[in-house]
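Got the model open in your viewer? Here is a short tour of its pockets, its cavity and a few helix contacts, one selection at a time.

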Amino acid sequence: MTSECGKSTAVLLTPDEMGRADRRTIEGGVPGIVLMERAGQAVARTASDQVSAGARVLVLCGPGNNGGDGFIAARCLDMSGYSVSLYLLKPPETLKGDALEAFKRMHSDMRGSISYLSSGDRISDGFLEDLRSADLVIDALFGAGLDRPLAGPVLDLVGRINQSGVPVVAVDLPSGLSGATGEVLGDAIKSRATVTFFRKKPGHLLFPGRSLCGSMNVADIGIDPETLKDIGPKTFENGPGLWLDAWPMPSAGGHKYSRGHAVVFSGPISATGAARLSAGAALRAGAGLVTLASPPDAMMVNACHLTAVMLKKVGDGDAIRDFLADARLNALLVGPGFGVGAHTRDVVAELLNAGRALVLDADALTSFAEDPGPLFNQTSKARVPVVLTPHEGEFSRLFPDITGDRLQRARQAARTSDAIIVLKGPDTVIASPDGRAAINSNAPPWLATAGSGDVLAGIVTGLLAQGVPAFEAGCQAVWLHGEAGSRAGAGLIAEDLGPALRPAIAALVDKRRDMAS
């Protein structure tokens, strides 16, 4: 069994990497105009799904290959009986290569009008008039080729289109959106649907880009997936194809001791709930046993709330070392509700020296906010998997000098700490020191609730206890967390996520069986 196909389809390509895939395909004998024809036809198919037969469609074309895709789409829609008006950003004589050939093919066959989007430094009145009566706009202005903020008439154009309420199909990316980062460059068109080619780009999944792309259609235009081997991409869309083969699904001959023993360290009597949420999630995630290590003063309150999760009284210092003398305790979590300060820093140091897989969350991260250097020195020396799970605020306190887009920052943080980084948010990024990164896309907004992150940290710990490699454990945990959130639905609270993990994991079991059959 292998998930190589799943990993291939999960690949995300930067605009530069997609350009390399195009060039290698063309060098391999596929003419560029053939790729462009297939791309334009895919755009036309998506556009025809958005409107009724004979609808009025405005196609906006820029001077590059994105515009070439638009020329093909315009020709196909025109030949299919749609009322097509094409608007050029630049004169035809500025076109070259495949885009020029696509324009010639369109111009020789098309019955609809061809006009210019702007006149001097303003949008043409003809376009504004057509926009008022249009049923659909196809945005083939810039796509992934944009490398600077929109300005001048084009910036005004984007605003007018968004204000019009006319639905938009974007070619590759909505114009004004960075394909590498998901950032808006000046302003960006908000599309109802986006057609991209071969593989998605990070900008399709990172916010705010994800909110501007609408429904995604990835069209096969004939690029061989083997091309990816030469490119060597390291960015992925998080999903089962990326990590399912690394998950040791329980076997009939297994037992609870073969599935690992996770430990969650509880905070004081006034703050025990977060650790219990984590412990319950670790158990639901498949750890064979889970123990809540409780300070003496919190034993009674924890005992009143635990059933399947075991409870152990563990003080500080020597007590922790004595407790961890049991080598079967193979995955540890500290941070949720644990408290902030020197005591937490001492416990983290003790756990990093224990030689067990370790998840640091919440208070365990905040305790190092004023001076993170000692933490990174310890995590870099650790010979065991270490996973850090900061939200944006915790991240900025731990890594104040790291700047850039979300992917860049998560990757740099992973290198700085020599740990797996789970940068939480609606577009959670999981990054490894080796450069791999995954962007999660299945998290519902209902997960933004108190205790949700404690559950996520527990899932990571439960997977580490089962021997899942740290990067894959982070990815799988984030995906399961999102899937559980979707299954729990609107109005969920953190306590709903543990039970919702059960059907989410059951679906993975079915998928693994299907892959093996």
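Which residues lie nearest the centre of the largest pocket? Select Asp22, Asn65, Asn66, Asp69 and Asp172, and you are there. Before you go on: this is a predicted model, where local features need pLDDT of at least 70 and side-chain atom pairs count only at pLDDT 80 or more, while totals for chains, interfaces and linings use all residues. Residues are numbered from 1 along each chain as its sequence is written, and side-chain values use heavy atoms, with hydrogens and water left out.

**Stop 1: the largest pocket**

The full lining runs to 25 residues, around a volume of about 670 Å³. A pocket here is an open set of points on a 1 Å grid over the protein atoms alone, with protein on both sides within 12 Å along at least five of seven lines; lining residues have an atom within 4 Å of a point. Grid points are joined across faces, edges and corners, and the volume is the space filled by probe spheres set on them.

Now colour helix H2 (15-27), helix H3 (32-50) and helix H4 (65-79), the elements that each give two or more residues to this lining. Helices are DSSP runs of H or I, at least four residues long, numbered from the N terminus. H2 gives the largest share, seven residues. Colour by class and you get twelve nonpolar, six polar and seven charged residues. For these classes, Ala, Val, Leu, Ile, Met, Phe, Trp, Tyr, Cys and Pro are nonpolar, Asp, Glu, Lys and Arg are charged, and the others, Gly among them, are polar.

**Stop 2: the cavity**

Next, select Leu89, Leu117, Ser118, Ile123, Pro153, Val154 and Leu157, which line the largest cavity. A cavity is a set of grid points where a 1.4 Å probe fits but cannot get out. The structure holds one of 30 Å³ or more, and about 30 Å³ of space lies in it. Helix H7 (residues 152-164) supplies three residues, the largest share of the lining. The class split is six nonpolar, one polar and no charged.

**Stop 3: the second largest pocket**

About 420 Å³ of space lies in this one. Of its 24 lining residues, pick Lys424, Gly425, Leu447, Ser452 and His481, the closest to the centre. Helix H20 (452-465) and H21 are the elements that give two or more residues, with H20 giving the largest share, four. By class there are ten nonpolar, nine polar and five charged residues.

**Stop 4: around H22**

Keep H20 on screen and add H22: they pack at an angle of about 35°, with their axes 8 Å apart. Axes are lines fitted to C-alpha atoms over the stretch in contact, and angles run from 0 to 180 degrees between N-to-C directions. On the H20 side, show Ser452, Val455 and Ile459; on the H22 side, Ala494, Leu497 and Leu501. Contact means heavy atoms within 4.5 Å.

Last, bring in H21 (residues 470-488). Its axis comes within 8 Å of that of H22 (residues 494-516), and the two cross at roughly 110°. That makes H21 roughly perpendicular to H22, a label for angles of 65 to 115 degrees. Among the H21 residues that meet H22 are Trp479, Leu480 and His481, and the H22 residues include Leu497 and Leu501. This contact has twelve nonpolar, three polar and three charged residues.

Key: Parallel < 35°, antiparallel > 145°, perpendicular 65-115°, else oblique.
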